[in-house]
Amino acid sequence: MPVAKVVVNLENAPSYDVRIGPGIIDGLGDRVVSSAPGATAAVLITDSNVGPLYAAQVHNSLKNAGLHVTDITIPAGEDMKSPACVSEVWTAMAHAVFDQDCVVVALGGGVVCDIAGFVAATYSFGVPLVLVPTSLAAMANASFCNMAGINVDDYDQAVGAFAQVVYACASTEVLGTLPEEEWERGCEEIASIAYAEGDEFEAWHEEHAEELAQHVPNVVQEAIVRSVVAQANALAAG
């Protein structure tokens with residue numbers, strides 16, 4: 001199944017690619033280097049669920065492309081989307097003497113993408129961000145994560161920032177380890193995007209919803225592509 005590419009065009013920021021399909025992770029390092037010229041180091045942010053599964057593969061791809069890589073693994077869970085967690089990541093990066101020559105790579109679901117996005121937007125006056133979402137819901141929103149928010153106490157998304165996304169990829173083979181409840185949440189997210197987008201996507205979704213729920217590979221890829229296009233259109237419209 002060939003890899004699909006969606007170009008996200010922004011009015012006040014450079015455009016970037018979102019690639020969707022199987023087997024993308026192994027070539028990630030080269031994409032990062034070409035998308036973030038001048039970067040010599042990468043900060044790989046993941047969580048305790050995803051890290052043991054895919055962090056080594058991503059780390060090696062970045063390292064083989066010539067980047068100095070530091071892994072930061074946070075505990076999994078919505079509670080981590082907090083100022084305290086962000087502060088710990090900032091501190092780890094500062095102690096490792098990262099500067100504006102680094103790129104932040106987010107490997108995980110929506111929580112990791114938000115934390116990494118907020119860190120990238122604020123560390124050293126902003127550094128490039130690469131998104132490697134690993135949940136179906138996060139993949140559907142892959143082009144929309146230039147807006148990164150964190151929670152403050154019981155207030156969701158109370159603090160936010162715009163990150164400089166330079167590349168995003170949805171490597172669909174990682175969905176094979178996604179828990180079924182997370183798959184269902186992703187299907188709900190795609191249904192919501194399809195409904196908001198309107199006639200064509202909504203009609204396509206109604207026709208293929210059962211196949212999406214059954215993890216049919218080409219339908220999954222198409223659903224992600226359509227969702228990313230819809231989100232990219234929303235971004236371009238401001």
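This is a short tutorial dialogue on reading the features of one predicted model.

Student: Before we start, what kind of model is this, and how are its residues numbered?

Tutor: It is a predicted model, in which local features need pLDDT of at least 70 and side-chain atom pairs count only at pLDDT 80 or more, while totals for chains, interfaces and linings use all residues. Residues are numbered from 1 along each chain as its sequence is written, and side-chain values use heavy atoms, with hydrogens and water left out.

Student: Thanks! Which order do the strands of the open sheet have?

Tutor: Two terms help here. Helices (H or I, at least four residues) and strands (E, at least two) are DSSP runs, numbered from the N terminus. Two strands pair if DSSP finds at least two bridges between them. In this model, an open sheet of 7 strands follows the order β1-β2-β9-β6-β5-β3-β4, with mixed pairing. Strands β1 (4–8) and β4 (68–74) stand at the edges; each has a single partner strand, so one side of each is left without a neighbour in the sheet. On average, neighbouring strands of this sheet are turned by 20° against each other, direction ignored.

Student: In which sense does β2 pair with β1, and in which sense with β9?

Tutor: β1 and β2 pair in the antiparallel sense over 5 bridges, and K5 stands opposite R19 in β2. β2 and β9 pair in the parallel sense, also over 5 bridges; there, I20 has A170 in β9 as its bridge partner. Further along, strand β5 (residues 102–108) and strand β6 (residues 128–133) pair in the parallel sense over 5 bridges, with P133 in β6 as the bridge partner of G108.

Student: Is β2 mostly covered or mostly uncovered?

Tutor: Think of relative accessible area: buried means under 20%, exposed over 50%, and partly exposed in between (1.4 Å probe, protein chains only). β2 is mostly covered, with 5 of its 6 residues buried.

Student: Where do helices α1 and α2 lie?

Tutor: Contact means heavy atoms within 4.5 Å. Axes are lines fitted to C-alpha atoms, for helices over the stretch in contact, and angles run from 0 to 180 degrees between N-to-C directions. Helix α1 (residues 28–35) lies across β2 (16–21), β5, β6 and β9, and runs at about 160° to β9. Helix α2 (residues 51–64) lies across β3 (41–47), β4 and β5, and runs at about 170° to β3.

Student: What does S61 in helix α2 touch?

Tutor: Not counting residues up to four places away in sequence, S61 touches I25, D26, G27, L28 and G29. Its relative accessibility is 10%, so S61 counts as buried. The side chain of S61 also reaches the backbone nitrogen of L28 at 3.3 Å.

Student: And which side chain makes a polar contact with the side chain of S171?

Tutor: A polar contact is a pair of N or O atoms within 3.5 Å; within protein, one must be able to donate a hydrogen and the other to accept it, and residues adjacent in sequence count only if both atoms are side-chain atoms. For S171, the partner is the side chain of E173, at 2.8 Å. S171 belongs to strand β9 (residues 164–171) and counts as buried because its relative accessibility is 2%.

Student: How many aromatic pairs are there?

Tutor: Rings of Phe, Tyr and Trp (its six-membered ring) pair if their centres lie within 6.5 Å; planes under 30 degrees apart count as stacked, over 60 as edge-to-face and the rest as tilted. By this rule there are 2 aromatic pairs. W90 and F118 form a tilted one, 6.4 Å centre to centre with 40° between the planes. This pair links distant parts of the chain, with W90 in helix α3 (residues 83–95) and F118 in helix α4 (residues 110–122), 28 residues apart. F201 and W204 have ring centres 6.2 Å apart and planes at 50°, so that pair is tilted. F201 and W204 are 3 residues apart in helix α7 (residues 199–213), so about one helical turn separates them.

Student: Last one: how many disulfides does the count give?

Tutor: A disulfide is a covalent bond between the sulfur atoms of two cysteines. Here the rule asks for a pair of cysteine sulfur atoms within 2.5 Å, and the count comes to 0 disulfides. C102 is in no disulfide, and the nearest cysteine sulfur, that of C85, is 17 Å away. At 1% relative accessibility, C102 counts as buried.
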